[in-house]
Amino acid sequence: MTVSEADSEVFTPAAIAPQFVKARKEGVSVPGYPGGVIPSSMAEGYSVQDIAIDLWPDELVGWKVGLVPPQHRERLGAERLAGCIFKTKVQDAKVGAPNEFRAIAGGFCAVEAEFIIRLGKDAPADKTQWTAEEAAEYVGELLVGVEIAGSPLATINALGPTVVASDFGNNDGQIIGQAISNWRDIAWEDMPVETFINGKSVGKATAATIPGSPLAALAFLLGTVAARGKPLKKGQIVTTGATTGIHDVAAGDVAHVDFGPFGTVDCVAVPAK
């Protein structure tokens, strides 16, 4: 093996992150995982994400939480993972017209029905272990909405959670719907959601589908980002998990997400520019 061949088999976050950032900026796909060597741990995945966050020319305004598939949890020591959300990628849900979001040709794109938390106050920077009960005290609002899962890498989910973590947590946007004003008085089971793609129902659930409730997702995130030196701040948003599933879409597909008494979100995938 030559020296150059050996070097090519080394996991190098500083070389991987710029390639993801460049592809996202240009709205183009990547043919495979940049550099070829995927992160072996969640810490390695987040090391790529942290570099990409610093390179991305936008304000970090929130985070997404996703589940680690059961078959990976013991090996990785994680049940959930975190991804970043940026200001220009956040939209308020329109009334009477669908919100547009991009689908990168040759990449990955999906819609996820979400219950979203907006922080009501800054979280302590040095607290890395949280309970759901403690997390509840930091909720300013509970809202409904849609996460746009998106990546220049078509195989991002197939390659596993460490790869998902390395590329923004597979996030490419957020559409925010209305707030659930009296959410503390409503059971999670009484917060319904159904997702339709091109008029066909593809998933039906409630907020109780999220393991431990959305507050457990928030508790995870509070600790995880504090440990990375990025504690949550007042006003930041947290998407708590895909309630009805991860629904793949392509340019031209239309999604309608119905949260029952808490409103609807309509959106359409358009080709990336």
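Strand S7 makes the largest contribution to the lining of the second largest pocket, supplying four residues. This view comes from a predicted model, and the pocket is a helpful place to start for anyone meeting the structure here. The second largest pocket holds about 210 Å³ of space, and 14 residues line the second largest pocket. Those that lie nearest its centre are Gln-91, Glu-100, Phe-101, Arg-102 and Val-270. Two or more lining residues come from each of strand S4 (99–103), strand S7 (171–179) and strand S13 (264–271). Sorted by class, the lining of the second largest pocket contains five nonpolar, four polar and five charged residues.

Attention can now turn to the largest pocket. Its volume is about 400 Å³, and its lining is made up of 24 residues. Nearest the centre of the largest pocket lie Gly-66, Leu-67, Pro-69, Asn-157 and Ile-246. Strand S1 (60–67) is joined by two helices, H4 (70–76) and H6 (161–166), in supplying at least two residues each to this lining. The most comes from S1, which gives four residues to the lining of the largest pocket.

The chemical character of the lining of the largest pocket can be described in the same way: 11 of its residues are nonpolar, 11 are polar and two are charged. For the lining of the second largest pocket, the charged class numbers five. In each pocket, then, a strand leads the list of contributors, with S1 giving the most to the largest pocket and S7 providing the largest share in the second largest pocket.

Note on methods:
Residues are numbered from 1 along each chain as its sequence is written. This is a predicted model: local features need pLDDT of at least 70, side-chain atom pairs count only at pLDDT 80 or more; totals for chains, interfaces and linings use all residues. Side-chain values use heavy atoms; hydrogens and water are left out. On a 1 Å grid over the protein atoms alone, a cavity is a set of points where a 1.4 Å probe fits but cannot get out, and a pocket is an open set with protein on both sides within 12 Å along at least five of seven lines; lining residues have an atom within 4 Å of a point. Grid points are joined across faces, edges and corners, and a volume is the space filled by probe spheres set on the points. Ala, Val, Leu, Ile, Met, Phe, Trp, Tyr, Cys and Pro count as nonpolar, Asp, Glu, Lys and Arg as charged, and the others, Gly among them, as polar.
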